[in-house]
Amino acid sequence: MRGIILRNLSFSAGVHLKKILALSLLLSFLFLSSLLPASVQAQESSLPPSFSKALQVAGIPVQSVGVYVQEVDGTGQVLASSNAAMPFNPASTMKLVTTDAALELLGPTYRWKTQAYASGSQVGNVLQGDLIFKGNGDPKLVLENFWLFLRQIRAKGIRDIRGNIVLDRSAFDQNAYDPSEFDGDPMKPYNVGPDALLLNYKTLTFQFVPDADKRQVSVVLDPPMSGYPIRPPRLGQGSCDDWQGKLQAVVDTDGASFNGALPASCGEKTWYVNPYKMNSTQYFGAVFRQMWSDLGGSFSGGVKDGVTPPDARLVAEWSSVTLPEVIRDINKYSNNVMARQVLLTIAADILKLPATPERGARAIQSWLAGKGIDASGLVIENGSGLSRNERISAKTMGRMMAAAFQSPTMPEFVSSMPLVGYDGTMRKRLKDQSVAGQAHVKTGTLNDVRAIAGYVLAASGKYYAVVCLINHPNAPRGQAAQDGLLQWVYENG
């Protein structure tokens, strides 16, 4: 009996001793954890209570949100992180990936070159041959720039072109493009496809001017196009709701007809249209004919696609604005067409092959890998975010932005984003909060998607990269939560 009691006491003492040792180890672990750098402790930090509450009010579950907030100019402390490694649809915040890569891979002084070559001979002011335009993807070959380019050609003494106009688009691979694929609305300007000789975003601007006294509506077309008649709408009555639908527009290769009416209550209206039934060659040709005629030139040949002959001589070259000016338009005003052009330019410049979105995506993947940034969940379809398929995690985006802040091109990158409360897509948000003017933030909006990504200069003087990606049917109700997150980082960072 005594032996049994001793054995029991020994067993009991051993159990107590193990408990004491376990408790001691736990306390030691907690103490040592408190000494770890904040960046290590915060890798799985909880979300701000105010942000979580705002998500709850909006009916958005936390698992539908990716958040990553990291200090970028000091210790690298991660201030908040949730679902950070999970890929989400970023909407237009994907433009930050494309433009940051472009700044570093192409350089901040990069300019697009568009050349004009001549084949055949020039006798006096007559070109006995073709005039060839070779494009390299200039995203901003707008009307005024094209006019100046044609002035350069006229200054070389060419007035009468007796051959054809040949358009060399070989810098970009000529893949079939469906402008209705994304949202079934091919007339929207953001659905214009990429083009190595993109002219004026391939967009038509119709300005409708009603005249109540004459009971008619006049229509002004920009750019003016040779041989492109317009049938104006009638002047109607009633409300101005769905005025574009009431116009009953038909815009094709032969002209534009507005078979409906414009309500007088609308006043003057402007409509930007992608003339998707007119291909890029037809659009370029109609604009060229009109401008060339306005400059005193003559041309009666055809306009066709082709390549630059090896024996063609350079007549003139147009140099675009610099890359930082282009990415400013892309990020502040979320220009999708320009973003597509930049992704393809990366592919063409880096790989020296006809550009495709897939080649552009591979170049960016390699660029991120070279920085040691895990981008295993990254999916780039067109580089603009106008996609149901593009994906990136909040952590990948945040780490990329942290690296960008240490890059020589940081000033150009940061200044390209909307200034909170002041301009771009953030001009109306947080105007009365203290974070206004203290953050540069890109927004992203699609059905079921609301995203923000950018930099906040906190009240402490520290800079933070902030990424918040919401993918949920209630995402449109998540703006208050995202705005609150920016304000929280400003106050607590």
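At 21% relative accessibility, Cys240 counts as partly exposed, since the buried class is reserved for residues under 20%. This value, like the others reported here, comes from a predicted model. The partner of Cys240 falls on the other side of that cut-off: Cys266 is buried, with a relative accessible area of 11%.

These two cysteines are worth a closer look as a pair. A search of the whole structure returns 1 disulfide, and the bond in question joins Cys240 to Cys266, with an S to S distance of 1.9 Å. The pair ties together distant parts of the chain, 26 residues apart. Cys240 sits in the loop between strand S13 (234-236) and helix H6 (243-246), while Cys266 belongs to the loop between strand S16 (261-263) and strand S17 (269-273). As for handedness, the torsion about the S-S bond of Cys240 and Cys266 is about 115°, so the disulfide is right-handed. A further cysteine, Cys468, has a relative accessible area of 0% and is therefore buried.

Attention now turns to the surface, beginning with charge. Asp173, Asp178, Glu181, Glu358 and Glu381 form a negative surface patch. One of these residues, Asp178, can be placed in the loop between strand S9 (165-168) and strand S10 (204-211). With a relative accessible area of 38%, Asp178 is partly exposed, as this class lies between the 20% and 50% limits.

The surface also offers a nonpolar patch. Ile350, Leu351 and Leu353 make up this patch, which covers about 220 Å². Ile350 is part of helix H9, which spans residues 336-351. The relative accessible area of Ile350 is 36%, so this residue, too, is classed as partly exposed.

A lysine completes the survey. Lys428 lies in the loop between helix H12 (410-415) and strand S22 (439-446). Its relative accessibility of 67% makes Lys428 exposed, because that class begins over 50%. For readers who like to check distances, the C-alpha atoms of Lys428 and Asp138 are separated by 31 Å, and the two residues are 290 residues apart along the chain.

Technical notes: Residues numbered from 1 in each chain as written. Predicted model: local features only at pLDDT ≥ 70, side-chain atom pairs only at ≥ 80, totals over all residues. Heavy atoms only, no water. Disulfide = S-S within 2.5 Å. Helix = DSSP H or I, 4+ residues; strand = E, 2+ residues; numbered from the N terminus. Buried < 20%, exposed > 50% of the residue type's maximum accessible area, 1.4 Å probe, protein only. Patch = residues over 30% accessible without salt bridge, like charges linked within 9 Å, V, L, I, M, F, W, Y side chains within 5 Å. Areas by Shrake-Rupley, 256 points an atom, 1.4 Å probe, with all protein chains shown as cover. Salt bridge = Lys/Arg side-chain N within 4 Å of Asp/Glu carboxyl O. Lys, Arg positive; Asp, Glu negative; His and termini not counted. Charge placed at Lys NZ, Arg CZ, Asp CG, Glu CD.
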